[in-house]
Amino acid sequence: MVLLDWDGKVSEFKKKIQSIMPGEPSNLMCDTKHLPPEHSDVVIVGGGVVGLSVAFWLKKLEKRQGAIRVLVVERDHTYSKASTGLSVGGIRQQFSLPQNVQLSLFSVDFLRNINEYLAVVDGPPLDLQFNPLGYLLLASEKGAAVLETNVKMQRQEGAKISLMSPEQLQKKFPWINTEGVALASYGLENEGWFDPWSLLQGLRRKVQSMGVLFCEGEVTRFITSSNSMRNSDGEEVNLKRIHEVHVKMDNSLEYQPVECAIVVNAAGAWSGQLAELAGIGKGPPGTLEGTKLPVEPRKRFVYLWHCPQGPGLETPLVTDTSGVYFRREGLSNNYVGGRSPTEEEEPDPADLEVDHDFFQNKVWPHLAQRVPAFEALKVHSAWAGYYDYNTFDQNGVVGPHPLVVNMYFASGFSGHGLQHAPGVGRAVAEVLLGGCFQTIDMTPFLFSRFYLEEKVLEQNII
Amino acid sequence: MLPSLVQAGFELTVILLPQPSKCREHRLAPPHPARDSERRILQEPGSWEFLRLIPPKWNGGKRGFRDLSGVVTPEGNRRKRRTLLQFLSDHFCDMEFLRENVLQKQMQKVSLENRSFTIIQDKYGRDIAGACFILQHGGSVKFRDREWIRSDEYRRFSAEVLKFQAVPVEAIDASGCAINYHGLDNLLPLKKLQCLSLQRCPHVDDWCLSRLYLLADSLQELSLAGCPQISERGLACLHHLSNLRRLDISDLPGVEYPGLTQILVEEMLPNCEVVGTDWTQEGPEEQPQDPASPIHAKPAARDLGDPCGVS
């Protein structure tokens, strides 16, 4: 039950009496329905799958029901540019970092039991449309040793991955041309793809029923205060604290200052810009103050094509040695796929226009080489989405900032944010509520690695 | 926070008794407002608090901000007929809590029933543990060279099962049993299992099918008829079962295009006889034929099961 805030009520009452007095501006009839609340314990900037996952776990792990007020600020409720809805929707455990494997394992567990986690009274059960067909990673001679080491590590963490030689591969999937393939790893269980939109809707519904507040607006300013301290070496360190978040409403100049205790940066591809607003990176280069959040939007294309003689029902998500990937979509011989461009080929992320020449020149030749049936295909449609790309080491940033002490990060996943969202949400909630990571140790993912130049490189980026 | 039904009930009785005028003052709004009018009153925090001279006993005033996302919340604009229970749980926190609890208990019940029989497993071996698990759920088990063993209507079975220590389990009939993903832990170690029937199991879904690859070496017959939660996405993972000779995928309500799915599954498992949709639904000539070689049935099914675009 909410305790009676008697002093607050008396002061508000006095304000109202004052505004009736002649000469004072009358703000009795102010309509504030559309504005966010004036106070909130946690403000999560970004209402995609990662932001909603953090909100869900905060509400789930809070010690007393209703203890924390959480506000999710999302500037586009249609999610037209958000990476979540535009994602291909894959989930795999085949990563090179143990923490990523553990995150995926937990996320798959979450997805399997989604109707227990996200059950809402009187709500229909969620159907994620999960295809448990696995990922097939092909490696050439050069990459075979690394693949084998990775698979060994993944198996140790509990993933069910099998290694296949080219002969076994040819026998199992006769439509593959195994030329140039030295080794392949195949996920037998807990890997596949699902519908990210239904996960987002399910999270939204559950999180609303748990009492999280939503606001359609954009964060334009942070009001911070700073405190100077000396560290053990005698150097002066400026610690900052965010006190207020200014949320600007859509299509108007109106804004609401939200007083908050903690801000979570789950803004996906735009997390870098948001971090700059908070003053992260404003300082002499080479110092901790001058270290920016190295997350920027990178555009990726996904193409949908039809191939009447293409691979059948059992097709996994195949990742070729050239970086091209594809998977089956539906039952009518449609396939979805694409390729990550090299640094030189990076498209301009200013808009989400699709470059069809990229498919013709960079994707199709490799597809046809690996699966001869794909020589005859017809592209039906294509779309583009953003990766929240971490230019430093292509892995997520999770946890608090060392100087802006109440900003927590949950972004930079460079293409595997959707599949790690449940695990990351739980990790952020744990460190926010308890002070340290409890279930999965995400300390290598903290912000400080950018300053200390310690890369945690993820090799299996698709 | 929503008001409490118990508290509201208590206050209603308090109102009905003769009271001094002070208590009646804060009943300016009706005690059980309709949802929209409540929202209108309560979303104007200024006016509500202005009218209120003493704080109300039941804290009905804090619903306002939850409805900020009026544009996106599907419930806000739906005009469907609500049941009494839904109405009560929308307005009162203890009803909401109670219903959430009941829902959680129902889900926990299924997981409790699917615990692993580790003690029996350690003592008598995995085959016997698997057999006991199935018998406990009301299914039947067949050991090699023995007769089918069933449990009675009270789920009891004779202890002679424990004597078959070195005999592998050959066939399991788990029709209608409440087995789920975790319950399969008891069945998957049975490396000599040849026949498995999971007909009409309410909790067997695509995730469960993705685990069946562990039985690929021995499984020859599989029946999934009538399972409500299986879709073509789960059927696609059956490609691991290379020794499968007979697969029954009839009557699956979760499969959207049964004819097309059957064709694709037959292509995926060339050595397997796939019993699926009843071809007689399409035309009169298919029935007496062997479903393993539906030479005449296939063209008819292809016309009907035409690709309908991206599913």
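Reader: In this predicted model, what makes Asp5(A), Asp7(A), Glu12(A) and Glu38(A) a patch of negative charge on the surface?

Author: Asp5(A), Asp7(A), Glu12(A) and Glu38(A) gather on the surface, and since Asp and Glu count as negative, while like charges are joined within 9 Å when their residues have over 30% relative accessible area and no salt bridge, the four residues form a patch of negative charge.

Reader: Why is Asp7(A) called exposed, and where does Asp7(A) lie?

Author: Asp7(A) lies in helix 1, residues 6–20 of chain A; its relative accessibility is 63%, and exposed means over 50%, so Asp7(A) counts as exposed.

Reader: How do you know that Ile20(A) is partly exposed, and which nonpolar patch does Ile20(A) help to make?

Author: Ile20(A), which is also found in helix 1 of chain A, has a relative accessibility of 45%, and because this value is neither under 20% nor over 50%, Ile20(A) counts as partly exposed. Together with Phe13(A), Ile17(A) and Met21(A), Ile20(A) makes a nonpolar surface patch of about 350 Å².

Reader: What makes the phi of Asn190(A) worth a remark, and is the residue buried or exposed?

Author: Most residues other than glycine have a negative phi, whereas Asn190(A), which is not a glycine, has a positive phi of about 65 degrees. Asn190(A) lies in the loop between strand 6 (183–187) and strand 7 (192–193) of chain A, and its relative accessibility of 10% is under the 20% limit, so Asn190(A) counts as buried.

Reader: Which value of phi does Asp251(B) have, and why is Asp251(B) called exposed?

Author: Phi of Asp251(B) is near 60 degrees, a positive value in a residue other than glycine. Asp251(B) lies in the loop between strand 6 (246–248) and helix 11 (258–268) of chain B, and with a relative accessibility of 61%, set against the limit of over 50%, Asp251(B) therefore counts as exposed.

Reader: How do you know that Asp320(A) and Arg370(A) form a salt bridge, and what makes the pair a tie between parts of the chain?

Author: The closest N and O atoms of Asp320(A) and Arg370(A) are 2.6 Å apart, which is within the 4 Å that the definition of a salt bridge allows. Asp320(A) lies in the loop between strand 12 (317–319) and strand 13 (324–329) of chain A and Arg370(A) in helix 10 (residues 356–370), so the pair ties together parts that are 50 residues apart in sequence.

Reader: Why are Asp320(A) and Arg370(A) called buried?

Author: Buried means under 20% relative accessible area, and because Asp320(A) has 7% and Arg370(A) has 3%, each of these residues is buried.

Reader: What makes the contact of Asp185(B) and Arg211(B) a salt bridge, and how do the two residues stand in accessibility?

Author: In Asp185(B) and Arg211(B) the closest N and O atoms are 2.6 Å apart, within the 4 Å limit. Asp185(B) lies in the loop between strand 3 and strand 4 (195–197) of chain B and Arg211(B) in the loop between helix 9 (206–209) and strand 5 (221–223), so the pair ties together parts 26 residues apart in sequence. Asp185(B), with a relative accessible area of 31%, is partly exposed, whereas Arg211(B), with 11%, is buried.

Notes: Residues are numbered from 1 along each chain as its sequence is written. Chains are lettered from A and ligands numbered from 1 in the order in which they are written. This is a predicted model: local features need pLDDT of at least 70, side-chain atom pairs count only at pLDDT 80 or more; totals for chains, interfaces and linings use all residues. Side-chain values use heavy atoms; hydrogens and water are left out. Patches are made of residues with over 30% relative accessible area and no salt bridge: like charges are joined within 9 Å, nonpolar side chains (Val, Leu, Ile, Met, Phe, Trp, Tyr) within 5 Å. Accessible areas come from the Shrake-Rupley method with a 1.4 Å probe; for residues, only the protein chains shown count as cover. A salt bridge is a side-chain nitrogen of Lys or Arg within 4 Å of a carboxyl oxygen of Asp or Glu. The place of a charge is taken as NZ of Lys, CZ of Arg, CG of Asp or CD of Glu. Helices (H or I, at least four residues) and strands (E, at least two) are DSSP runs, numbered from the N terminus. Buried means under 20% relative accessible area, exposed over 50%, partly exposed in between (1.4 Å probe, protein chains only).
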